[in-house]
Amino acid sequence: MKKYWWQKSVVYQIYPKSFKDSNGDGIGDINGITEKLEYLKKLGIDVIWLSPIYESPDVDNGYDISDYRKIRADYGTMSDFLVMLSRAHELGIKVIMDLVVNHTSDQHPWFLESEKGRDSAKRDYYIWKDPVNGKEPNNWGSCFAGPAWQYDENSGQYYLHLFAREQPDLNWDNANVRKDIYSMMRWWLDKGIDGFRMDVISLISKEPGLPDGKAGFNGYAPFTSCAHGPHVHEFLREMNDEVLSKYNKLMTVGECCAATLEEAPKYANSDGSELSMIFQFQHMSLDNDPETGSKWTIRKINIVELKRVLSSWQEKLYGKAWNSLFWNNHDQPRIVSRLGNDGKYREKSAKMLGTCLHMMQGTPYIYQGEELGMTNMRFDSPEDFRDIDSINGYREILDKKLMEPGEAFRAVCYKSRDNARTPMQWDNSENSGFTTAAPWIGVNPNYLEINAEEELKRKDSVFYYYQKLIALRKQYEVIVYGKYQLLDPENPDTYMYTRTLGDEKIICICNFTEKSCNVSIPDEYVRPSKILISNTDQIQIEKDLVHLGPYDAFVLYRSE
């Protein structure tokens with residue numbers, strides 16, 4: 001497989017609204033990011049993925065864009081952005097922007113023109129349809145609860161919105177839409193950015209006729225019903241030809257809802273004709289309700305199933321496409337609370353989870369605060385939620401009587417995207433050093449114990465462990481390019497795998513529980529091996545048995 005710079009890189013996602021407030025208005029901003037670039041340099045990351053900073057009414061925290069070429073005033077100015085970009089580049093850090101082009105805000109000039117009437121010059125920029133039997137054109141549901149259609153009294157038609165009603169879907173079948181999007185992308189690339197993370201890019205091509213899908217637990221077909229439409233790869237190849245191929249060494253990652261092992265290599269093929277890599281979410285849906293598919297549960301991820309899913313992506317994409325590796329992002333609850341232990345073993349389980357992910361093949365993504373072992377928030381009431389998905393999801397559960405109120409609240413608390421969006425915990429001063437004002441969303445009270453200032457003073461902290469994980473990827477090619485093999489697949493407590501590249505080999509062994517246990521390892525690793533990294537000082541190997549304490553993790557290296 002051809003080698004690219006981003007295969008050895010580690011990406012750090014910044015959610016600007018919650019990262020660092022520089023001007024005391026309670027909202028993170030671009031100058032706050034600039035202030036903390038040295039911190040990111042110290043961590044060792046190579047790329048920043050910046051969640052949207054564009055002009056937006058902020059219905060979906062910036063993923064509803066009203067002007068693609070303007071910075072939202074809360075975040076600063078274009079001058080601030082260019083200073084931040086320049087400083088990042090001085091430090092050897094690349095910057096990729098969030099590209100949100102499946103939909104716009106309903107306040108975007110294109111939509112304001114489109115909704116004027118059926119004869120509007122930009123009517124066909126969006127997907128408008130007549131009612132069917134006096135109702136919505138099909139049974140598609142919105143990602144944020146309810147139908148994916150909004151009726152317009154003025155024209156007597158519905159427009160499609162796979163997300164909030166304020167986020168109408170663009171009509172990518174219209175060549176002028178694509179032309180305008182490509183022009184905007186070139187405008188940003190000419191400013192010197194290093195690529196794009198493409199929001200829900202697998203949804204841009206809709207099946208002709210917009211057929212009904214299979215209804216889910218809420219009575220609607222899931223918003224992913226239109227994923228991987230008939231022209232999606234044609235559009236991405238066109239985007240590559242018209243824009244991406246014109247710039248050197250770009251990195252592109254597509255958020256591909258409902259991605260399968262069959263579809264993934266088409267998006268992220270080794271010939272580079274579409275994207276560098278994609279995000280897939282199979283491992284993130286393993287704690288959904290198995291009967292309804294609803295994510296609003298308090299189920300735990302089954303480790304055997306987790307190994308099966310992650311291993312299938314490691315094995316079947318090898319040599320064909322590139323993996324993205326992540327536990328956290330702005331749409332997921334904190335992994336330490338979800339798959340680790342956010343109590344007694346918080347730090348140890350955070351290090352274990354990092355070890356398990358970073359030793360796999362693919363480009364690792366770190367979400368802000370993950371390197372500190374930040375945890376889920378403890379919400380006191382539904383009024384604490386700020387996320388439209390959590391607010392609407394909670395209401396829908398109650399309206400449809402899918403759960404009792406207490407159960408519904410616990411489920412939404414556990415899976416809410418707001419868990420990832422509480423302010424970055426910088427120190428133990430008021431509001432965690434994030435802001436001097438009232439923050440736009442509550443700060444997790446545990447910032448008094450969990451914060452960057454404390455961890456930077458302590459060499460055994462989660463921060464320095466992640467620093468070492470990142471450094472190892474740059475030092476050992478076997479971690480980047482080695483072939484993956486899962487061991488002991490049916491063990492419900494441990495995750496063990498090897499990576500092999502030529503005469504270099506590593507074995508990664510992780511205990512996902514607070515129980516001690518013994519696991520058998522191949523004979524070749526019993527012989528003296530180098531310990532690359534470990535979250536414990538108590539590694540015990542007797543004959544071919546390894547003793548693992550609670551949440552132990554370590555990596556052994558051999559070179560023949």
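These notebook entries record what I looked up in a predicted model.

**Entry 1. The open sheet**

I began with the strands. I found an open sheet of eight strands with parallel pairing, and I noted its order as 11-10-9-5-2-1-13-12. I then asked which strands stand at the edges. They are strand 11 (277-279) and strand 12; each has a single partner strand, so one side of each is left without a neighbour in the sheet.

Within this order I looked up one pair in detail. Strand 1, residues 11-14, and strand 13, residues 363-367, are joined in the parallel sense by three bridges. I noted one partnership at the level of residues: Gln13 has Tyr367 of strand 13 as its bridge partner. For reading any such strand I kept a general point in mind, that side chains alternate between the two faces of the sheet when the strand is regular.

**Entry 2. A hairpin**

I next turned to strand 14 (residues 483-487) and strand 15 (residues 494-501). The two run antiparallel and are joined by five bridges. Lys483 has its bridge partner, Thr500, in strand 15. I recorded that the two strands form a hairpin, with six residues between them. In the turn, Asp488 has a positive phi of about 50°.

**Entry 3. Positive phi in two loops**

I looked up two further residues for their backbone angles. Asn61 has a phi near 45°, which is a positive value in a residue other than glycine. I located Asn61 in the loop between strand 3 (54-55) and strand 4 (67-71). Is Asn61 buried or exposed? Its relative accessibility is 9%, so I entered Asn61 as buried.

Ala145 also has a positive phi, near 80°, and is a residue other than glycine. The loop that holds Ala145 runs between strand 6 (128-129) and strand 7 (149-152). I entered Ala145 as partly exposed because its relative accessibility is 22%, and the limit for buried is under 20%.

**Entry 4. Two threonines in loops**

I looked up Thr104 in the loop between strand 5 (94-99) and helix 5 (109-114). Its relative accessibility is 0%, so Thr104 counts as buried. I asked with which side chain Thr104 makes a polar contact through its own side chain. The partner is the side chain of Tyr126, at 2.8 Å. Leaving aside neighbours within four places in sequence, I listed the residues in contact with Thr104 as Ile65, Tyr68, Trp110, Tyr126, Glu166, Gln167, Pro168 and Leu170.

Thr536 I found in the loop between strand 18 (530-534) and strand 19 (540-542). Thr536 is buried as well, because its relative accessible area is 12%. A polar atom of the Thr536 side chain lies 3.0 Å from the backbone nitrogen of Gln538. Not counting residues up to four places away in sequence, I noted that Thr536 touches Lys348 and Asp552.

**Entry 5. A leucine in a loop**

I located Leu448 in the loop between helix 14 (418-421) and helix 15 (452-456). Leu448 has a relative accessibility of 46% and therefore counts as partly exposed. I also looked up its separation from Trp426: the two are 22 residues apart in sequence, and 9.7 Å lie between their C-alpha atoms.

**Entry 6. Cavities**

Lastly I looked for enclosed space. In general, a probe the size of a water molecule, rolled over the atoms, shows where empty space is left. How many cavities of 30 Å³ or more does the structure hold? I counted four.

The largest cavity has a volume of about 80 Å³. I listed its lining as Gln280, His283, Leu310, Trp313, Gln314, Asn323, Ser324, Leu325, Phe326, Leu357 and Met360. Helix 9 (303-316) and strand 12 (324-325) are the elements that give two or more residues to this lining. Helix 9 gives the most, three residues. By class I entered six nonpolar, five polar and no charged residues for the largest cavity.

For the second largest cavity I recorded a volume of about 50 Å³. Its lining consists of Asn328, Arg334, Ile335, Val336, Ala350, Leu353, Gly354, Glu370, Gly373, Met374 and Tyr466. Here the elements giving two or more residues are helix 10 (335-338) and helix 11 (346-358). Helix 11 supplies the largest share, three residues. The lining of the second largest cavity divides into six nonpolar, three polar and two charged residues.

How values were computed: Residues numbered from 1 in each chain as written. Predicted model: local features only at pLDDT ≥ 70, side-chain atom pairs only at ≥ 80, totals over all residues. Heavy atoms only, no water. Helix = DSSP H or I, 4+ residues; strand = E, 2+ residues; numbered from the N terminus. Buried < 20%, exposed > 50% of the residue type's maximum accessible area, 1.4 Å probe, protein only. Polar contact = N/O pair within 3.5 Å; in protein donor to acceptor, adjacent residues only side chain to side chain. Contact = heavy atoms within 4.5 Å. 1 Å grid on protein atoms, 1.4 Å probe; cavity = no way out; pocket = protein on both sides within 12 Å on 5 of 7 lines; lining within 4 Å. Points joined across faces, edges and corners; volume = space filled by probe spheres on them. Nonpolar A, V, L, I, M, F, W, Y, C, P; charged D, E, K, R; others polar. Pairing = 2+ DSSP bridges.
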